[in-house]
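Dear colleague,

I am handing over the structure below, and after it you will find a summary of what turned up when I went through it. Please read the two side by side.

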Amino acid sequence: MSTETIDLKTRLIADFHARESVMNGEASSAFHQKKRAALAEFDKLGFPTTRNEEWKYSNVRDLVSVSYNFNAESALGLADLEDLKIPAQDANIIYFVNGHYHAELSRIISSQDQITISSLSEAYKNNPSLVNAYFNELVKDQEDAFTSLNTAFAQDGIFIHIADNKVVEHPVILRFVSDARTENVGSQPRNIISVGRNAQVKLAEAFRTLGTARSFTNAVTEIYVAEDANVEYYKVQNESDNAYHIGTTQVRMLDRSHFYAGTVTLNGRFTRNNLNIILDGERCDAHMYGLYFPDGTQHVDNHTVADHRKPNSESNELYKGILRDKSKGVFNGKIFVREDAQKTNAFQSCKNIVLSTEATMNTKPQLEIFADDVKCSHGTTTGQIDEEALFYMRSRGISRPEAMSLLMFAFCADVVSQIKIESVREYLENVIAQKLASK
């Protein structure tokens, strides 16, 4: 459980060179060359500081000044998972512990003619050319140090392929568990999801922590959505008070496709979520919902991008936050409407309730429009609880704490109700109710 101050960048670069021979891919392969190029980008960029506009309100100094074991083994079993109170689900359940696939904990119930699911390392072993065709084709390593770091060290994660015209009946739940019971641990899962033409699937990523040592998760997910495909994607973070999480989800949509995203951050010391959607086809439809609950000294940062590149598409975005104690929140939402993206509709809203004078919320909605026949709007509000509604409820015999909880739960409902995997939605409703009633 080391807390010594170290140069994490130097240590990671040295670790790459020390482990290069055992990573996926021959040194001369295109796959490995992408990793080497990403390491060079990471070396050039270094970890961001608050002088970087994209990290102006999110200081990672505390995160990167401590050592983590990125190769930690874990004997975690089913009995250990009981402490996490994970609900049973009628779904494909895939477990990763400290970033590594654990087949003995996982369960795949969908037939192989509907969906192909395998760990990234196994997929690369069986079909390296297919994996390389998708790997790192969406993200931009030269723009973000953490993304380039993940690319350089990408060794495990999930590879999912859904063929054309397939409807996956059971959701796919990816459960990432950090086993920080004995030491500081780090993981860098890389997920690649390819959804074929006219195919449908529901996906969820869930992040949890065991133990009180530090954990650092640096995750990247690339999602390819083909023509007429329909994808629902949810991300749930309920990690420990010593968990640091940086995640990037990069999506590319083609003609007439639909993408639906819900990101819920329930707990964690430092969380940064990047959700970047490229609407690269006509009549695409993208929806983004987010909810976050920092308290204590927790920090939650959501950065989103809706990049409209073709005409006749639509994006809708709603993020909501409740901040308590000395917590900090950040929302930076960008909408790009390119010159060719005529008749675009793009809407963005961020609403926050701040329950303490010491909590802070920084919001920065951005619109960049290069087309003239569009309908776009963005807005953000940050305020306190509605005292008039509170008075109304108390006048009817409801105590102040209970009235506060009811009002805040109603505030969250706009986002939670949009989660269409029933077991995930019910789990969130229970955890949110407990969290709101705890103070």
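Strand 1 (residues 92-97) and strand 2 run antiparallel and are joined by two bridges, with Phe96 standing opposite Tyr101 of strand 2. Please keep in mind throughout that this is a predicted model. Both strands belong to an open sheet of 10 strands with mixed pairing, whose order is 2-1-5-8-10-12-14-16-18-20; its edges are formed by strand 2 (100-101) and strand 20 (375-383), each of which pairs on one side only.

Further along that order, strand 5 (residues 172-179) runs parallel to strand 8, and eight bridges join the two; here Val177 stands opposite Arg208 of strand 8. Strand 8 also pairs with strand 10 (residues 230-238), again in the parallel sense and over eight bridges, and in that pairing Leu203 has Tyr233 of strand 10 as its bridge partner. How many of the 11 residues of strand 8 (residues 200-210) are buried? Eight of them are, which means that strand 8 is largely enclosed by the rest of the structure.

Turning to the interior, nonpolar side chains tend to be buried together in soluble globular proteins. In this model the largest nonpolar core has 43 residues, and those with the most contacts inside it are Ile160, Met253, Phe259 and Ile277. Leaving aside neighbours within four places in sequence, Ile277 is in contact with Met253 and Phe259 from that group, and also with Val251, Ala286, Met288, Val305, Ala306 and Asp307. A second, separate core of 41 residues includes Leu291, Met393 and Ile419, together with Val177, the residue of strand 5 described above as standing opposite Arg208.

You may also want to look at the largest pocket, which has a volume of about 670 Å³. Its lining is made up of 28 residues, of which Glu54, Glu143, Asp144, Asn276 and Val305 lie nearest the centre; Val305 is also one of the contacts of Ile277. By character, the lining divides into 11 nonpolar, eight polar and nine charged residues. At least two lining residues each are supplied by helix 7 (145-153), strand 11 (243-253), strand 13 (270-279), strand 15 (299-308) and strand 17 (328-337). Which of these elements gives the largest share of the lining? Strand 13 does, with five residues.

With best regards

Terms used:
Residues numbered from 1 in each chain as written. Predicted model: local features only at pLDDT ≥ 70, side-chain atom pairs only at ≥ 80, totals over all residues. Heavy atoms only, no water. Core = buried A, V, L, I, M, F, W, Y, C linked by side-chain atoms within 4.5 Å. Buried < 20%, exposed > 50% of the residue type's maximum accessible area, 1.4 Å probe, protein only. Contact = heavy atoms within 4.5 Å. 1 Å grid on protein atoms, 1.4 Å probe; cavity = no way out; pocket = protein on both sides within 12 Å on 5 of 7 lines; lining within 4 Å. Points joined across faces, edges and corners; volume = space filled by probe spheres on them. Helix = DSSP H or I, 4+ residues; strand = E, 2+ residues; numbered from the N terminus. Nonpolar A, V, L, I, M, F, W, Y, C, P; charged D, E, K, R; others polar. Pairing = 2+ DSSP bridges.
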